[in-house]
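Biologist: I'm new to reading structures, so please choose one part of this one and take me through it slowly. After that, show me how the rest of the chain is laid out around it.

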Amino acid sequence: ASMTAAPPSLLDPQTALRRLSAEEAPYAGWLHTGSPPTVWADLEQVPDDVWRCARDGHILVPIDLARSGSGLAAVVPHCPARLGLDSADRATPGAAVTIAVSVLRAAAEARSCGMEEGSWWLDASGRPVLAVHDGASWADDGRDLLERLALGAGPVLASALARAGELLAAPRWRDGDLEECEERLFAAAEP
């Protein structure tokens with residue numbers, strides 16, 4: 001018996017590569033080709049608050065809505081890798097500064113929206129982003145990441161990373177804390 005292909009859907013362009021689980025992506029869904037690649041995530045997985053966040057910020061934000069065979073999907077930039085301790089172990093001083101600044105800026109955005117839980121990822125361009133979802137505290141994971149980055153750093157950068165970790169642990173930031181910490185990081189290494 002020959003296999004007949006399913007008729008193409010008018011709704012779904014034929015760019016879907018494969019289904020990604022919640023282990024493989026911040027939000028489970030269909031990976032689509034494109035520039036950049038995207039994930040069409042099940043709408044109910046993406047917290048409503050995320051839609052209010054700035055698109056050019058450091059929180060993973062849907063870039064569009066799409067109609068799929070099963071209803072509406074949130075189109076999210078593809079994040080092929082978690083930003084974890086193994087990323088920290090391989091980071092150059094410049095990459096450590098980029099990661100730390102992104103983590104601090106995402107933390108500021110998430111705090112202003114009252115978002116406490118999520119995980120750290122690298123998007124397809126290598127940019128660190130915070131994916132907001134139920135589960136772990138992003139602050140705890142971010143602090144672990146900064147501590148690991150500090151282990152391999154020289155004294156000036158290690159001190160700046162330690163300060164960034166203290167800020168993540170602090171329940172509130174004073175005006176100027178973020179800028180002062182970023183200046184220390186930028187002074188320690190070129191991002």
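Modeller: What follows is a close look at one sheet and its neighbours, and then a walk through the rest.

A bit of housekeeping comes before the tour. The model is predicted, so local features need a pLDDT of at least 70 and side-chain atom pairs count only at pLDDT 80 or more, while totals for chains, interfaces and linings use all residues. Residues are numbered from 1 along each chain as its sequence is written, and side-chain values use heavy atoms, leaving out hydrogens and water.

Let's get our bearings. The chain has five helices and eight strands. Those names come from DSSP runs numbered from the N terminus: helices are H or I with at least four residues, and strands are E with at least two. Along the sequence, the pattern reads β-β-β-β-β-β-α-α-β-β-α-α-α.

Now for our chosen part, the open sheet of three strands. Its order is β6-β7-β8, and the pairing is antiparallel. Two strands count as paired if DSSP finds at least two bridges between them. In general, strands of a sheet pair through backbone hydrogen bonds, either parallel or antiparallel. β6 (81–82) and β8 (128–137) are the edge strands: each has a single partner, so one side of each is left without a neighbour in the sheet. Between β6 and β7 there are two bridges, in the antiparallel sense. Look at Ala 81, for instance: its bridge partner in β7 is Leu 122.

Helices pack against this sheet. α2 touches β7 and β8, and its direction makes about 55° with that of β8. Contact here means heavy atoms within 4.5 Å. For the angles, axes are lines fitted to C-alpha atoms, for helices over the stretch in contact, and values run from 0 to 180 degrees between N-to-C directions. α3 also lies across β7 and β8, running at about 125° to β8.

Here's a nice detail to zoom in on: the count of aromatic pairs comes to one. The rings of Trp 120 and Trp 138 have centres 6.3 Å apart and planes at 90°, so this pair is edge-to-face. The rule is that rings of Phe, Tyr and Trp (its six-membered ring) pair if their centres lie within 6.5 Å, with planes under 30 degrees apart called stacked, over 60 edge-to-face and the rest tilted. Trp 120 belongs to strand β7 (residues 117–122) and Trp 138 to helix α3 (residues 138–151), 18 residues apart, so the pair links distant parts of the chain. Trp 120 counts as buried at 3% relative accessibility, and Trp 138 is buried too, with a relative accessible area of 1%. Buried means under 20% relative accessible area, exposed means over 50%, and partly exposed is in between (1.4 Å probe, protein chains only).

Next, the helices that follow. In α4, the buried residues are Leu 157, Ala 160, Leu 161, Arg 163, Ala 164, Gly 165, Leu 167 and Leu 168. Their cover includes α2, α3 and α5. Helix α5 (residues 177–188) has 12 residues, which at 1.5 Å each should span 16 Å; its end C-alpha atoms are 17 Å apart, which agrees. That expected span is 1.5 Å times one less than the number of residues. Its buried residues are Asp 177, Leu 178, Cys 181, Glu 182 and Leu 185. Seen down the axis, they fall within an arc of 125°, so they line one face of the helix. The arc is that of the directions from the helix axis to the C-beta atoms. On the other side of α5, Glu 183 and Ala 187 are exposed. α2 (93–112) and α4 (155–169) are among what covers the buried residues of α5.

The chain has another open sheet, with five strands in the order β1-β2-β3-β5-β4 and antiparallel pairing. β1 (16–20) and β4 (64–68) are at its edges, each with a single partner strand, so one side of each has no neighbour in the sheet. From one strand to the next, the twist averages 35°. Inside, β3 (residues 38–42) and β5 (residues 71–77) pair over five bridges, and Asp 42 has Ala 73 as its bridge partner in β5.

Finally, step back. Arg 67 is in strand β4 and is exposed, at 52% relative accessibility. Its C-alpha atom is 40 Å from that of Gly 94, 27 residues away along the chain. The C-alpha atoms of the chain fill a box of roughly 70 × 30 × 25 Å along the principal axes, and 42% of the 191 residues count as buried.
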